[in-house]
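Here are a few exercises to work through with the model open beside you. Try each task yourself before you read its solution.

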Amino acid sequence: MSEGIDLNDLKRRMDGAINAFKSDIASLRTGRASANVLDPVMVEAYGSRVPLNQVANITVPEARMLGVSIWDKSMVNAVDRAIRESNLGLNPIVDGQNLRIPLPELNEERRKSLVKVAHDYSEKAKIAIRNVRRDGMDSLKKAEKDGDIGQDISRSQSEKVQKITDEVISDIDRLLADKEKEIMQV
């Protein structure tokens, strides 16, 4: 008889979902400039779509300004277009091979829409975590059915899987609440 499923593997997969969520909410704009704002921007470059940070350097020269230094002069228009079409509400100013991107003040309506986006990101992360939990529970049921583990081990491991899931989901809720407070802060 085996010991059931690898709880460390489930925890690692759930941590991956949390890290993806952290990355997603870091890209949401708050009152101050952050290079992460441009993380979701994909640029049409050399026949494929690549992340902006693979064709340019992104800097934060001022609290309400982003700077983008494009490496290849021929990519300036493509980067400008990608930023404008990214639905981030940004309008770059082209200055040779550089772009200056002033960040407009967030109004109440824009803040509320950013909070909605943050909630969407958290829901995606929770779905990913529930899928990991389901995989673990299915593995336990299969192992018990096949006679690899006993009912007691199965029940004990099911409780541990649920406990890990609850902890990870509460972490996501806490991160979401922090981000929501940060976004709504004027």
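**Exercise 1: Two domains**

In this predicted model, the C-alpha centres of domain 1 and domain 2 lie 32 Å apart. Find which residues belong to each domain.

*Solution.* Start with domain 2, which is one stretch, 35-102. Domain 1 is made of 7-28 together with 107-184.

**Exercise 2: A helix and its span**

Compare the reach of helix α3 with the span expected at 1.5 Å a residue.

*Solution.* Step one: α3 covers residues 108-145, which gives 38 residues. Step two: the expected span is 1.5 Å times one less than that number, or 56 Å. Step three: from first C-alpha to last, the helix reaches 55 Å, close to the expected value. After the helix comes G147, with a positive phi near 85°.

**Exercise 3: Nonpolar cores**

Work out which residues have the most contacts inside the largest nonpolar core, and which elements supply it.

*Solution.* This core holds 29 residues, and F21 and I129 have the most contacts within it. Two or more residues come from each of α1 (7-26), α3 and α4 (151-184). Of these, α3 contributes the most, with ten. Now look around F21: leaving out residues up to four places away in sequence, its contacts are A118, Y121, S122, A125, I172, L175 and L176. A separate core of 24 residues lies apart from this one, and includes V41, L52, L66 and L88.

**Exercise 4: The four-stranded sheet**

Give the strand order of the open sheet and explain why β3 and β5 each have a side without a neighbour.

*Solution.* First, the order is β3-β4-β6-β5, with antiparallel pairing. Next, β3 (56-62) and β5 (93-95) are at the edges and have a single partner strand each, so one side of each has no neighbour in the sheet. On average, neighbouring strands are turned by 25° against each other, direction ignored. Then zoom in on β3 and β4 (65-70), which are joined by five bridges; T59 has G67 as its bridge partner. Finally, add helix α2 (76-84): it packs on the sheet, touching β4, β5 and β6 (98-102), and its direction makes about 15° with that of β6.

**Exercise 5: A hairpin**

Which residues of strand β1 lie on its covered face, and which on its uncovered one?

*Solution.* In β1 (42-45), V43 and A45 are on the covered face, whereas M42 and E44 are on the uncovered one. Moving to the partner, β1 pairs with β2 (48-51) in the antiparallel sense through four bridges, and M42 sits opposite P51. Two residues separate the strands of this hairpin, where Y46 has a positive phi near 55°.

Methods
Residues numbered from 1 in each chain as written. Predicted model: local features only at pLDDT ≥ 70, side-chain atom pairs only at ≥ 80, totals over all residues. Heavy atoms only, no water. Core = buried A, V, L, I, M, F, W, Y, C linked by side-chain atoms within 4.5 Å. Buried < 20%, exposed > 50% of the residue type's maximum accessible area, 1.4 Å probe, protein only. Contact = heavy atoms within 4.5 Å. Pairing = 2+ DSSP bridges. Axes fitted to C-alpha atoms, helices over the stretch in contact; angles between N-to-C directions. Domains from an automatic or database assignment.
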